[in-house]
Amino acid sequence: MASSIPNAPSALNCQSYVGLRSPQRSFNFCFPQAAKKSFPSRIFVVRASDSDFEAAVVAGKVPPAPPVPPKPVAPVGTPVVPSLPLHRRPRRNRKSPALRSAFQETSISPANFVYPLFIHEGEEDTPIGAMPGCYRLGWRHGLVEEVAKARDVGVNSIVLFPKIPDALKSPTGDEAYNENGLVPRTIRLLKDKYPDLVIYTDVALDPYSSDGHDGIVREDGVIMNDETVHQLCKQAVTQAQAGADVVSPSDMMDGRVGALRAALDAEGFQHVSIMSYTAKYASSFYGPFREALDSNPRFGDKKTYQMDPANYREALTEMREDESEGADILLVKPGLPYLDIIRLLRDNSPLPIAAYQVSGEYAMIKAAGALKMIDEEKVMMESLMCLRRAGADIILTYSALQAARCLCGERR
Ligand code: PBG
């Protein structure tokens, strides 16, 4: 609609906004008091006062101003119809960029993003096939550079996902709590370089498990809950010792939030937060992530611990447990296909809500963008805004850097 309005600003540009220009005084206008103080009386010029101007208008001497603009012409063939007797026309509030930005209900900023980063022992950055633009970053070089780039555009939170060498994987995932393992070492390096960086860690056994499951697998295929939680506590404490700010259990074992809280507190880590993957679904959208970490389950699936995508109310059960066990942040995963779950938690809990825009969501946008089927950046920005609108405070997204650059007005 903006195009049919004369002189409507064409783009979001503060300078061209109605009402944002600094007021300019008429040079014909002068206050006698002030003028007397600043000029010698012999060059004092008498000017018309407000009442003189008013009197002139009352006497019919109206000063000139631009004429009422002509009505914009409709294309030939436009039907001539009586206007609809509408009491409310919602388009009125959308007719210009200034109005639209005044009434925008949801906002998004780089501070809302948490940037998930894949790390490995190598020196090189290895591209991830199904996640164009994402790499397994060398923990000492590529990672540090990527963090610097993110901080440059206001993204100061990251979450680390390690690719562990096969030889260090085991059925009980003990490498997860090796204090000189890849994750603790990386945390120490990052905190040394960037003390104010907010570091989230993943708490789950899958990168360390020779079975590719988030927990210990019994010989009959059952994922052992309480024994796994014991391992997760050791993992989280090790991460906290290295300097992690927020530990994030993504394993979906029962009771792990309470156990982690107790374990952290017992070791003096009262200040370390827990972001619980509260509603994590057994989703096929995680495919590219598992490729990235080579962490596909060696057999079976994760349906005995991750939630059924068909379930809604069950998210409330998980939410209540996590709240009562002391979670600081509740996470929903995946993101866009699960907006109803984000809204459900938003409306039922006062805690901050996180949404995880997962690898499959990212891959779809990138693939369609590469094929020129969609405008990749616009679709990405819209998806992120929708996650915010649904109720997410923070968003874990592989697009964090690109989106933040876009928000900062940078184009690549
Ligand atoms: C595993 C974990 C997964 C993701 C984050 N942590 C995969 C899984 O549960 O199998 C997926 C993230 C993504 O797909 O982007 N603890």
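1. A residue is termed buried when its relative accessible area is under 20%, exposed when that area is over 50%, and partly exposed in between. The present structure is a predicted model, and the points below should be read with that in mind. By this criterion Cys406 counts as buried, because its relative accessibility is 17%.

2. The cysteines may be taken next. A search of the whole structure returns 0 disulfides. Cys406 accordingly takes part in no disulfide, and the nearest cysteine sulfur, which belongs to Cys408, is 9.2 Å away. A disulfide requires the two sulfur atoms to lie within 2.5 Å. Cys134 is likewise assigned to the buried class, since its relative accessible area is 8%.

3. As to overall architecture, the chain comprises 13 helices and 12 strands. Of its 412 residues, 46% are buried. Among contacts with a separation of 6 or more, 74% are between residues 24 or more positions apart. The chain exposes about 22,500 Å², and carbon and sulfur atoms supply 55% of this area.

4. Ionic pairing deserves a separate comment. Side chains of opposite charge can pair when their charged atoms come close. In this model 17 salt bridges are found. Three pairs and one network are discussed in the points that follow.

5. Glu121 and Arg185 form a salt bridge in which the closest N and O atoms are 2.9 Å apart. Glu121 belongs to the loop between strand E1 (113-120) and strand E2 (126-127), whereas Arg185 belongs to helix H5 (residues 182-193); the pair therefore ties together parts that are 64 residues apart in sequence. Glu121 is classed as partly exposed because its relative accessible area is 33%.

6. A salt bridge also joins the side chains of Arg256 and Asp322, with an N to O distance of 3.9 Å. Since Arg256 lies in helix H7 (residues 256-266) and Asp322 in helix H9 (residues 314-325), this pair ties together parts that are 66 residues apart in sequence. For the reader considering charge assignments, the accessibility of both partners is relevant. Arg256 counts as buried at 2% relative accessibility, and Asp322 counts as buried at 2% as well. The distance of 3.9 Å falls within the 4 Å limit applied to salt bridges.

7. The pair Arg343 and Asp347 is a salt bridge within one helix, with the side chains meeting at 3.0 Å, N to O. The two residues are 4 residues apart in helix H10 (residues 339-348), so about one helical turn separates them. Arg343 is partly exposed, with a relative accessible area of 34%, while Asp347 counts as exposed at 54%.

8. The surroundings of the ligand include members of an ionic network. Asp206, Asp214 and Lys302 are linked in a network of salt bridges. Lys302 is also among the residues that come nearest to the ligand, together with Lys280, Arg290, Lys333 and Tyr398, out of 18 residues around it. Asp206 has an N or O atom in its side chain 3.1 Å from a nitrogen atom of the ligand.

9. Two further polar approaches involve oxygen atoms of the ligand. For Lys280, a polar side-chain atom lies 2.7 Å from an oxygen atom of the ligand; for Arg290, the corresponding distance to an oxygen atom of the ligand is 2.6 Å. Taken alone, the ligand exposes 400 Å², and the protein buries 100% of that area.

10. Helix H4 (residues 142-152) illustrates packing between elements. Gly142, Leu143, Val144, Glu146, Val147 and Ala150 are buried in this helix. The buried residues of H4 pack against E1, strand E3 (135-138), strand E4 (157-162), H5 and helix H13 (400-407). Just after H4, Gly154 adopts a positive phi of about 90°.

11. One final residue merits attention. Which residues does Gln231 touch, not counting those up to four places away in sequence? Gln231 lies in helix H6 (residues 225-242) and counts as buried at 6% relative accessibility. With that exclusion, Gln231 touches Thr172, Asp174, Tyr177, Leu205 and Ile216.

How values were computed: Residues numbered from 1 in each chain as written. Predicted model: local features only at pLDDT ≥ 70, side-chain atom pairs only at ≥ 80, totals over all residues. Heavy atoms only, no water. Buried < 20%, exposed > 50% of the residue type's maximum accessible area, 1.4 Å probe, protein only. Contact = heavy atoms within 4.5 Å. Areas by Shrake-Rupley, 256 points an atom, 1.4 Å probe, with all protein chains shown as cover. Near = heavy atom within 4 Å. Polar contact = N/O pair within 3.5 Å; in protein donor to acceptor, adjacent residues only side chain to side chain.
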